[in-house]
Structure formats: structure tokens, C-alpha cells
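Trainee: I have a model to read. Can we go through its nonpolar and aromatic side chains together?

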Amino acid sequence: MGSKLKLLLVAGYFPPVRISTGSIRPWNLTRCLIDLGWEVTVLTPKVSVWNPDRLDDVENKKRQIAEMGVNMLYTGHWLTCLAPWRYQLPKEKIYWFFGGVLRVLMRRLGVQNWVGWVPSALSAARKLKPGDVDIILATGAPFWSFDIAHRLSRRLIKPFVVDYRDLWTDNPWGPIKHQWVANHE
């Protein structure tokens, strides 16, 4: 067989982030795909975005990623104030106050707190060219990864697949109250 197939994995959670199956699943998927001969690039938020309590064995994970040959495409994350329990935030009280106001507003509108990752991810992926990718795989949650994959698919003229493993609008523990969210899904 000639050159390796190239996969772009859009993953909101990826080690060294420790978020249960949110990061374990894309990690194991990446390992398996590499073992099968794929070249994998992971589009994910950079380590400095995360609350240090959410990270696990950072240097060891970075070493493992390098040894596996994973291409990492790290992004920033706008609007980290929408999830202060997850992200590293400035300590200024004014930031926390306006972040709280924005959190309340976004929740009432039904906007998921990952929305700030979309512009950062699209910006970081701007350097990708059609020859860099054969297929795009988005794993969710966060469900905004699906939107990122769709937009990149249109720009790069490549197919995308969604790894839709979690409940979204039919989630019995947190039902969606806005019709526009269900329509987006």
C-alpha cells in the first residue's frame, strides 16, 4: 500500500486532560488508528487552557503522544469564562463577575459552554490544506466538535464522520429547552 491515510480527529477532550471517557475514548481511538496504519492529527485545546486540576501526568502524556507519532494541532479557547470549573481563568474579580453574567445569559439562550472553542479551532485549522486530510472524525461531547468538523469538511472538501456517543437533546438528565438547539442537532 502507498502512503498512509490521513485522519483529522476533532476532540474537545484529549490527554493529558482527565475527563473520564471524554479523553480516554479519543486516546484509545487514536492509538488503534495509528496501529492500523493511519496518520492521525488531533485538533484539541492546548494544555494551558485547562484548569490544572483537570490535567493528569502532563509530561508523560506529551512523551507518549510524541512516541506514537500523533500530530497535534492545539487551539486556544475563547469564552473560557462559560465553564470556570473546567478552564484556567484570570483571577481578577471583574472577570469573574462579567463571566457570571455571560454564563447566566448563555444558559438562558441554550448556548453550550463549549461555543468559544469553535472560532479558536477553526483559526488553528486554517493552515490545513486538502492534501493534509483524507477524512475528518469529530468526537462529542462537546457537540460543537460536530460543527467544527462540518465547517472543515466544506472548506477542505473532505468527508466527515461524527462519533455521537452521548445524549444531547434527548438527555433525560438535562433536557434541551430550546427548539433551535434540537434543530442544530
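Trainee: Are F97 and F98 buried or exposed?

Mentor: This is a predicted model, where local features need pLDDT of at least 70, side-chain atom pairs count only at pLDDT 80 or more, and totals for chains, interfaces and linings use all residues. Numbering runs from 1 along each chain as its sequence is written, and side-chain values use heavy atoms, without hydrogens and water. Buried means under 20% relative accessible area, exposed over 50%, partly exposed in between (1.4 Å probe, protein chains only). F97 has a relative accessible area of 51%; both F97 and F98 are exposed.

Trainee: How are the rings of F97 and F98 arranged as an aromatic pair?

Mentor: Rings of Phe, Tyr and Trp (its six-membered ring) pair if their centres lie within 6.5 Å; planes under 30 degrees apart are stacked, over 60 edge-to-face, the rest tilted. Here the centres are 5.1 Å apart and the planes make 75 degrees. So the pair counts as edge-to-face.

Trainee: Which type of aromatic pair do Y87 and W114 form?

Mentor: Y87 counts as buried, at 1% relative accessibility. W114 is buried too, at 2%. Their centres lie 6.0 Å apart, with 85 degrees between the planes. That pair is edge-to-face.

Trainee: Which helix gives the most to the largest nonpolar core?

Mentor: A nonpolar core is a set of buried Ala, Val, Leu, Ile, Met, Phe, Trp, Tyr and Cys residues joined through side-chain atoms within 4.5 Å. The largest has 35 residues. Helices (H or I, at least four residues) and strands (E, at least two) are DSSP runs, numbered from the N terminus. With 6 residues, the top contributor is α5.
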